[in-house]
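Open your viewer, and let's take a walk through this protein together. At each stop you will get something to select and a short note on what to look for.

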Amino acid sequence: MKKNLGQISGKLALLLGVMAAAGWLAAAEAAREAASPPKVIVSDRPIDRTGRIGISFAPVVKKAAPSVVNIYSTRTVRVQPDPFLQRFFGGNPDPRDSRPLTRKSKALGSGVIVSEDGYILTNGHVVEGADKDGVKVALADDKTPYTARVVGTDPQTDVAVLKIEAKKLTPITLGDSDKLEVGDVVLAVGNPFGVGQSVTTGIISALGRGVGILGRDGYEDFIQTDAAINPGNSGSARVDVEGRLIGINQSIESPSGVSAGVGFAVPINLARSILDRLVTDGKVTRGYLGVSIQSLTPDLAREFSLPDENCALVGGAEDDTPAAAAGLKNGDVIIEFNGKKVTDSQHLRLMVSQTPPKTKVTLKILRDGKEKTVSATLGTLPDELVGNSSSEQTQPAASKADALDGVDVTDLDASARQQHNIPSRVRGVLVTDRKST
């Protein structure tokens, strides 16, 4: 009997060991899945520009609208007490007591479901500074909001990724923003002013806009359209005539704060690269070439005997960088990056930043009037170089030491803009207090 029990115990131990191993493998597999990019639906063919536009966009709206959500975020804002108001409406405070008060601020925006298991793209400023569990997502067909987890944000592109615990959602199909053309018809689907889901239409007015909205450290490659977007549309969907997502609405240019026909959206190809990196790595790492570049003027193009200015002029390669290893030098003209035409220095900077580190790339250059192809393996953009948009991130950002002695400042976020009626086009920080010196 003891022998049988021993055999049973041995078999049981073996079985438990197998089960434990299976559980470990299942957990490891789940971890790998969690770190994998979201499963998105992509249709990268260009639209048919030869066909006639129908008399109604209702089929397009029915296709895209279920994937667009409303986002409500709550944040705690510090407010410096006003001694005058406190004296007359709140007693007689101790003038030495300058402890800040707090209040709750709410922000409204939109987002787009990109995977059936709950990943959502929106703007970073929609959820900026939100309290823990302070981001709620309402689906188009459900009045009960979900509490969303902020997977991550990328201030340099103003893209944020949220996750809600839901299954079998309706993800939108992603298009290819590299195949857009000026004049293409587009629609904006979002929640302007909180009135509920609304749709506007227009055309693409321009591509590749860099208008300084994100500041000197931003990576701007905006799609400009005249489709009306207003407060509450931030993070909403910009779709083509087939209902495919081609951009995430980000901001408007308007002296009044409401739509004036000049709106900007982050291209979906850029937003998707941010999505993948935030989900898989928890942060955005950018490719690094290590070369000073500048756009060509017509005079420089003539001096280098170039047919046009669609290229980037190399001002020099830093030592011990991928550019130096590739043999790039002062006076080289980069005309292609990994098979794609270079339009200017900003375009090259964007393409390098969107390419993952350790990727081997090819560059077609002009040197002494002759074409040459070189290879380089991109490095990782160092943290101290993030924000240098005057060249392809080769010099450290200027030191901020002692730059703000004598004042207290805070970020100029969405709540501060709303409180002080500051237009979105104004960049900078908000001075909250001046110190005696």
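## First stop: N123

Begin by selecting N123, which lies in strand 4. Keep in mind along the way that this is a predicted model. Is N123 buried or exposed? Its relative accessible area is 0%, so N123 counts as buried. Now show its surroundings: leaving aside residues up to four places away in sequence, N123 touches D158, A160, S234, G235, I248, N249 and Q250. Zoom in on D158, one of these neighbours. The backbone oxygen of D158 lies 3.4 Å from a polar atom of the N123 side chain.

## Across to strand 8

Which residue of strand 8 is the bridge partner of N123? Select V159 to see that partner. Next, colour the whole of strand 4 (residues 119-123) and strand 8: the two run antiparallel and are joined by five bridges.

Strand 8 (residues 159-163) has another partner as well. Add strand 7 (residues 149-154), which runs antiparallel to strand 8 and is joined to it by five bridges. To find one of these links, pick V150, whose bridge partner in strand 8 is L162. Strands 7 and 8 form a hairpin with four residues between the strands, and here D158 takes a positive phi near 60 degrees.

Now look at strand 8 from both sides. In a regular strand, side chains alternate between the two faces of the sheet. Show V159, V161 and K163 on one side, then A160 and L162 on the other: all are buried, and both faces of the strand are covered. That makes five of five residues buried in strand 8.

Before leaving, stay with K163 for a moment. Show Y119 too, and you will find K163 over the face of its ring, at 5.4 Å from the ring centre.

## Into the largest nonpolar core

Select L121 next. Not counting residues up to four places away in sequence, L121 touches G111, V112, V114, V159, A160, V161, G235, I248, I268, A271 and L275. The largest nonpolar core has 32 residues, and V114, L121, V161 and L245 are the ones that touch the most other members. Which elements give two or more residues to this core? They are helix 2 (58-64), strand 4, strand 8, strand 10 (185-190), strand 13 (237-239), strand 14 (245-252), strand 15 and helix 5. Helix 5 gives the most, with seven residues. There is also a second, separate core of 20 residues, which includes V291, I293, V374 and L378.

## A pair of rings, and a charge over a ring

The structure holds one aromatic pair. To see it, select F222 and F264: their rings are tilted, 5.8 Å centre to centre, with 40 degrees between the planes. F222 lies in strand 12 (residues 222-225) and F264 in strand 15 (residues 263-267), so the pair ties together parts that are 42 residues apart in sequence. Both F222 and F264 are buried.

For another ring, select Y219 and R286. R286 lies over the face of Y219, at 4.4 Å from the ring centre.

## Helix 8 and its cover

Move on to helix 8 (residues 345-354). How many of its ten residues are buried? Seven are, so the helix is largely enclosed by the rest of the structure. Select the buried ones: S345, L348, R349, L350, M351, V352 and S353. Then bring up what covers them, including helix 5 (268-281), strand 17 (291-295), strand 18 (312-317) and strand 19 (333-337). At the N-terminal end of helix 8, D344 acts as a cap: a side-chain oxygen lies 3.2 Å from the backbone nitrogen of Q346.

## Two exposed loop residues

Where is D133? Look in the loop between helix 4 (124-127) and strand 5 (135-138). D133 is not a glycine, yet its phi is positive, near 60 degrees. With 52% relative accessibility, D133 counts as exposed.

Finish the close-ups with K168, in the loop between strand 8 and strand 9 (173-174). K168 has a positive phi too, near 55 degrees, and at 77% relative accessibility it counts as exposed.

## Zoom out

Now show the whole protein chain, with its nine helices and 25 strands. Of its 437 residues, 42% count as buried. Among contacts with a separation of 6 or more, 64% are between residues 24 or more positions apart.

Terms used. Residues numbered from 1 in each chain as written. Predicted model: local features only at pLDDT ≥ 70, side-chain atom pairs only at ≥ 80, totals over all residues. Heavy atoms only, no water. Phe/Tyr/Trp six-rings, centres within 6.5 Å; stacked < 30°, edge-to-face > 60°. Buried < 20%, exposed > 50% of the residue type's maximum accessible area, 1.4 Å probe, protein only. Lys NZ or Arg CZ within 6 Å of the ring centre and 35° of its normal. Contact = heavy atoms within 4.5 Å. Polar contact = N/O pair within 3.5 Å; in protein donor to acceptor, adjacent residues only side chain to side chain. Pairing = 2+ DSSP bridges. Core = buried A, V, L, I, M, F, W, Y, C linked by side-chain atoms within 4.5 Å.
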